[in-house]
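Colleague: Got a minute to go through this one with me? I would like the overall picture and then some details.

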Amino acid sequence: MKKSETIRVVELIKDVLILLLTCSALYLAAQTPLAAPLGELFREEGNPALPGRGHSAERGSGALPLAMVVNLPGESGLPGGKNMPEPAESVRYGLLYEQTACQELFQRVAGPLSEALSSAGTPEPVSRRQWERALTTALGVYMDFQGEVPLPVLAGWLSGGDTRLTATVRRLVLTVGEDGVELYYRDERDGQCYRCRDQVADPYLLAEALSGLTDNGAFYAFESDLYRKLDPDTLLMPSAPVPRTYSVSNPVTGGKAALEALVQDLGFSLNSTSFYSTDEQVARSGDNSVRLSAQGVAQYEGNEGGGMFPVLRQGEAGAMFDAVETCRQLALSALGPRCGEARLYLISVIEVEGGWEIDFGYSLNGVPVLLERGYAARFLVKGERIVQFSLCLRSYTDAGTTALVLPPKQGAAALASRGLEGSELLLTYSDSGGDTVSAGWSARDNTAGEG
């Protein structure tokens, strides 16, 4: 073989090897958490990899809205000369206490929302009138989350990225504005509404994501004199909801065996863990202990300098997101296999000295569950470690029946008769330790700082 031919063969072999290595690298990259965060956001939340054995890359959101509203004005041009097929009349399509439908709609708008959070301009205060116009007249989508979600946490869940916005929100609106996309939100810390203009996110994509929906009569309390005594942003539907009833049980009544299974899911090694009983079941591994009561409440105490649950780096969204997501994954490890048809959602993130207190709750088909303790899981994060947590283990199963609920008008009158004017009319399940739960109307105080 001539020298020139030998060189060509060698170079060909090199090219083949480079191609194979490139394909291998692309395959491995596709398995990383940031390769497809938006797709993974909407997976059903199950039991992630056990703590201490590598955390799962899943990013199932703890912030799925309990309510969403799409507003499609009858005459709505888009910036840049782009136009979408428009409905002959204005359309208001609302979802309330419908977990699956909310999840599907949230998935449609997650991309534009993620872009808006990552490239939003400086927040500017807006008036009550401007907020209401964003809710009712602009082409856009309104989202009302079950709990209070810091925007850096929401951005991290959507894309793994960061946002310059620092507000904590329950309610936000993404609209098509004159110069692009506009993000409106109410900061739960001060009660003020804000607007951020964004010229990066594509308004055409948002409009396209919202197309094809039909009017179903959803409206806000401020649009009707019949509901003037409610929180004005209370979302209402023409008819009363028909919530399911659920049977409830304590999933950890098996004494030591139940505690062994629980601490294994939390990442304890049984070989290095001792068990004993007092008035509770106790597991201890070094300076780490879990106490399990007969009522199904598990409490963890760790050494602040060397606890077994470090906060894991989750992406580029910052320390708060890292803490919240680590706690969420740990909560799913313990509660996910045991809570039946309930779903976890983020209630709040409160800054404390040296860290955060992070609470999660249960919801059933988008309806929050009110527990006597106020939360399903509470974590204390300090020094980049989880040093304490408390879990209320409950299991919910569809009982096959529905509950009768007062029409919204009568529910609002009941709140007013109890002196609760200005409160939001909210459907909830109340779990006080019995064996069944049925939904009913509750009053939610949405004054600043109280949620």
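Modeller: We can take the overall figures, then a helix, some strands and the salt bridges.

Colleague: Is this experimental or predicted?

Modeller: This is a predicted model.

Colleague: How many helices and strands does the protein have?

Modeller: The protein has nine helices and 23 strands.

Colleague: And what share of the residues is buried?

Modeller: Of the 451 residues, 52% count as buried. The accessible surface is about 20,100 Å², and carbon and sulfur atoms make up 50% of that.

Colleague: What about long-range contacts?

Modeller: Taking contacts in the protein with a separation of 6 or more, 65% are between residues 24 or more positions apart.

Colleague: Let's do helix α7. Which of its residues are buried?

Modeller: In α7, residues 256–266, the buried ones are A258, L259, L262, V263, D265 and L266. They sit on the same side of α7, because they cover an arc of only 155° around the axis.

Colleague: What covers them?

Modeller: The cover of the buried α7 residues includes helix α8 (319–335) and several strands, among them β11 (274–277), β12 (281–285) and β19 (385–392).

Colleague: What follows α7?

Modeller: G267 follows α7, and its phi is positive, near 105°.

Colleague: D265 carries a charge and is on that buried list. What does its side chain meet?

Modeller: The side chain of D265 forms a salt bridge with that of R338, at 3.0 Å from N to O. D265 is in helix α7 and R338 in the loop between α8 and β15 (343–352), so the pair ties together parts that are 73 residues apart in sequence.

Colleague: Are those two buried or exposed?

Modeller: D265 counts as buried because its relative accessibility is 16%, under the 20% limit. R338 is buried as well, with a relative accessible area of 12%.

Colleague: Does α8 have a salt bridge of its own, or none?

Modeller: E325 and R328 meet in a salt bridge, 2.8 Å from N to O. Both lie in helix α8, three residues apart, about one turn of the helix. E325 is buried with a relative accessible area of 0%, and R328 is buried at 3%.

Colleague: Back to β11 for a second. Where is Y276, and is it buried or partly exposed?

Modeller: Y276 lies in strand β11. With a relative accessibility of 35%, Y276 counts as partly exposed. Apart from neighbours within four places in sequence, Y276 is in contact with Q281, V282 and R284.

Colleague: How far is Y276 from K256?

Modeller: The C-alpha atoms of Y276 and K256 are 8.1 Å apart, and the two residues are 20 apart in sequence.

Colleague: New topic: strand β6. How covered is it?

Modeller: Strand β6, residues 180–187, is mostly covered, with eight of its eight residues buried.

Colleague: What does β6 pair with?

Modeller: β6 pairs antiparallel with β5 (residues 168–177) over seven bridges, and six bridges join β6 to β7 (residues 193–198), again antiparallel. T175 stands opposite E182 on the β5 side, while R186 has C193 in β7 as its bridge partner.

Colleague: And the turns?

Modeller: The hairpin from β5 to β6 goes through two residues. The hairpin of β6 and β7 has five residues between the strands, and G191 there takes a positive phi near 75°.

Colleague: What does E182 form a salt bridge with?

Modeller: E182 forms a salt bridge with R197, with the closest N and O atoms 2.9 Å apart. E182 lies in β6 and R197 in β7, so the pair ties together parts that are 15 residues apart in sequence. E182 counts as buried at 9% relative accessibility, whereas R197 is partly exposed at 39%.

Colleague: How many salt bridges are there in the whole structure?

Modeller: A search of the whole structure finds 23. R128, E132, D144, R170, R171, D231, D233 and E424 are linked in a network of salt bridges.

Colleague: How many disulfides?

Modeller: The search finds zero disulfides. As for individual cysteines, C196 is buried at 0% relative accessibility, and C392 is buried at 8%.

Colleague: Last one. What is the strand order in the three-strand open sheet?

Modeller: The order is β20-β10-β22, with antiparallel pairing. β20 (395–402) and β22 (436–437) are the edge strands, each pairing on one side only. β10, residues 244–249, pairs with β20 over five bridges, and S249 stands opposite S395 in β20.

How values were computed
Residues numbered from 1 in each chain as written. Predicted model: local features only at pLDDT ≥ 70, side-chain atom pairs only at ≥ 80, totals over all residues. Heavy atoms only, no water. Helix = DSSP H or I, 4+ residues; strand = E, 2+ residues; numbered from the N terminus. Buried < 20%, exposed > 50% of the residue type's maximum accessible area, 1.4 Å probe, protein only. Contact = heavy atoms within 4.5 Å. Areas by Shrake-Rupley, 256 points an atom, 1.4 Å probe, with all protein chains shown as cover. Arc of directions from axis to C-beta. Pairing = 2+ DSSP bridges. Disulfide = S-S within 2.5 Å. Salt bridge = Lys/Arg side-chain N within 4 Å of Asp/Glu carboxyl O.
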